[in-house]
Structure formats: C-alpha cells, structure tokens
Amino acid sequence: MSQICLYIPLEDYLADWFVHDQGGNNPVHLTRGSIESGLLEQFLQTPPEGYVPDTAGEGKLAIVIPNFRYKSPEHYFYLPPKATDAFIACLRQRFDIIMWQSLHRFSSVFQRQDHLIYAFMEKYGITMTEKNWNAIAKRYQRKRDYYLMNERRKKMKKNRTDFSK
C-alpha cells in the first residue's frame with residue numbers, strides 16, 4: 001500500500017524540530033495517540049469536488065496520513081485550511097513549550113543566549129543556520145518579554161493590595 005501524504009507549510013526550524021520529534025523520518029509518521037494524530041483524525045475529510053491534492057515543494061513537510069479506524073487515507077485525505085492552521089498552531093505551541101523549558105531554565109546562568117540556542121538546536125535536530133537561529137531567538141525573546149511583563153503586573157497588583165490593608 002502506498003503512503004498518502006499531507007504537505008504542510010512550515011518554517012524550516014519548525015519542520016526540522018517536528019521531524020526530529022517524530023523519529024527523524026521524512027515523510028513524517030505521526031506518533032499514535034499524539035495530539036497531531038488526533039487533530040488529523042478529527043478534521044480529515046473527503047476532498048471537495050475538483051480538489052487537486054498538494055504536492056511536495058519548498059517549505060512543505062510531508063506527513064503520512066495514518067490509517068484511522070473509520071477514516072481510510074484513500075478517501076479522507078483533505079485537511080481544510082482552518083484545520084491546517086490549527087495543526088500548525090499546535091506544532092508551534094508544542095515547540096514553544098519545549099523551547100521555554102530548555103532555554104529559560106538557564107537564562108540567568110548564561111550571559112549570552114547564542115550558546116544556549118545553538119545547544120537547543122543541536123539537541124532537537126534543527127539545522128544550524130542563521131535564519132533558524134534568528135527565528136528561535138525571536139520566538140524566545142517574545143515569550144520571555146511576555147513572561148516578564150506578566151510577572152511585573154503580578155508584583156504591582158500584589159503591592160497595591162498590600163497598601164490597601
């Protein structure tokens with residue numbers, strides 16, 4: 001039986017990370033019971049009339065459609081645009097959690113974050129390019145800034161309630 005694939009547009013660093021996370025094979029075979037597999041099981045549909053399936057291309061990751069109990073890949077191989085967006089958002093959120101846990105833990109120890117980011121990239125199979133490094137550094141910076149802003153707000157709110165007593 002030939003493998004039927006979805007082609008999902010992803011940034012290079014995210015595609016590298018996801019391939020590594022799912023075992024290192026391309027096309028990607030999803031882990032059974034994973035959130036990504038669950039999303040596909042829920043939202044794969046029969047294609048609309050006149051649908052032409054996506055093909056491999058630059059910036060697209062091939063994902064083998066699993067054979068679900070009630071959804072055969074031969075008939076259910078269309079992922080609507082909003083479901084594709086949800087799939088990509090799921091990947092980004094999982095990436096952000098792992099990135100935060102890996103980088104923020106040591107941010108107070110290291111003055112330079114470049115070594116941490118390169119170590120993170122190496123650990124998670126992300127190609128060592130300046131483009132990937134910059135993308136990860138920017139994502140981490142945004143998450144860190146948001147976290148610090150929330151911590152300041154909590155502290156200010158606590159100080160205001162302390163003065164009212």
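In this predicted model, Lys71 touches Glu41, Gln42, Phe43, Leu44, Pro66 and Tyr76, leaving out residues up to four places away in sequence. Lys71 itself belongs to the loop that runs between β3 (60-64) and α3 (81-103). Although Lys71 is buried, it has no salt bridge, and the nearest side chain of opposite charge, that of Glu41, is 7.4 Å away. Polar atoms of the Lys71 side chain do, however, have backbone oxygens beside them, as the table sets out.

| Backbone oxygen | Distance to a polar atom of the Lys71 side chain |
|---|---|
| Glu41 | 2.8 Å |
| Leu44 | 2.9 Å |

Glu41 thus appears twice, with its backbone oxygen 2.8 Å from a polar atom of the Lys71 side chain and its side chain 7.4 Å away.

The loop that holds Lys71 leads to α3. At 1.5 Å a residue, the 23 residues of this helix should span 33 Å, and the end C-alpha atoms of α3 are 32 Å apart, which agrees. Its buried residues include Ala83, Phe87, Leu91, Phe95, Ile98 and Met99, together with the polar Thr84 and Asp96.

Which residues touch the most other members of the largest nonpolar core? Of its 38 residues, they are Phe95, Phe120, Ile126 and Ile136. Elements giving two or more residues to this core include β1 (5-9), α1 (12-21), α4 (113-123) and α5 (130-163), while the largest share, 9 residues, comes from α3. Apart from neighbours within four places in sequence, Ile126 is in contact with Phe95, Phe120 and Ile136, and also with Tyr13, Asp16, Trp17, Met121 and Asn132.

How values were computed
Residues numbered from 1 in each chain as written. Predicted model: local features only at pLDDT ≥ 70, side-chain atom pairs only at ≥ 80, totals over all residues. Heavy atoms only, no water. Helix = DSSP H or I, 4+ residues; strand = E, 2+ residues; numbered from the N terminus. Buried < 20%, exposed > 50% of the residue type's maximum accessible area, 1.4 Å probe, protein only. Lys, Arg positive; Asp, Glu negative; His and termini not counted. Salt bridge = Lys/Arg side-chain N within 4 Å of Asp/Glu carboxyl O. Polar contact = N/O pair within 3.5 Å; in protein donor to acceptor, adjacent residues only side chain to side chain. Contact = heavy atoms within 4.5 Å. Expected span 1.5 Å × (residues − 1). Core = buried A, V, L, I, M, F, W, Y, C linked by side-chain atoms within 4.5 Å.
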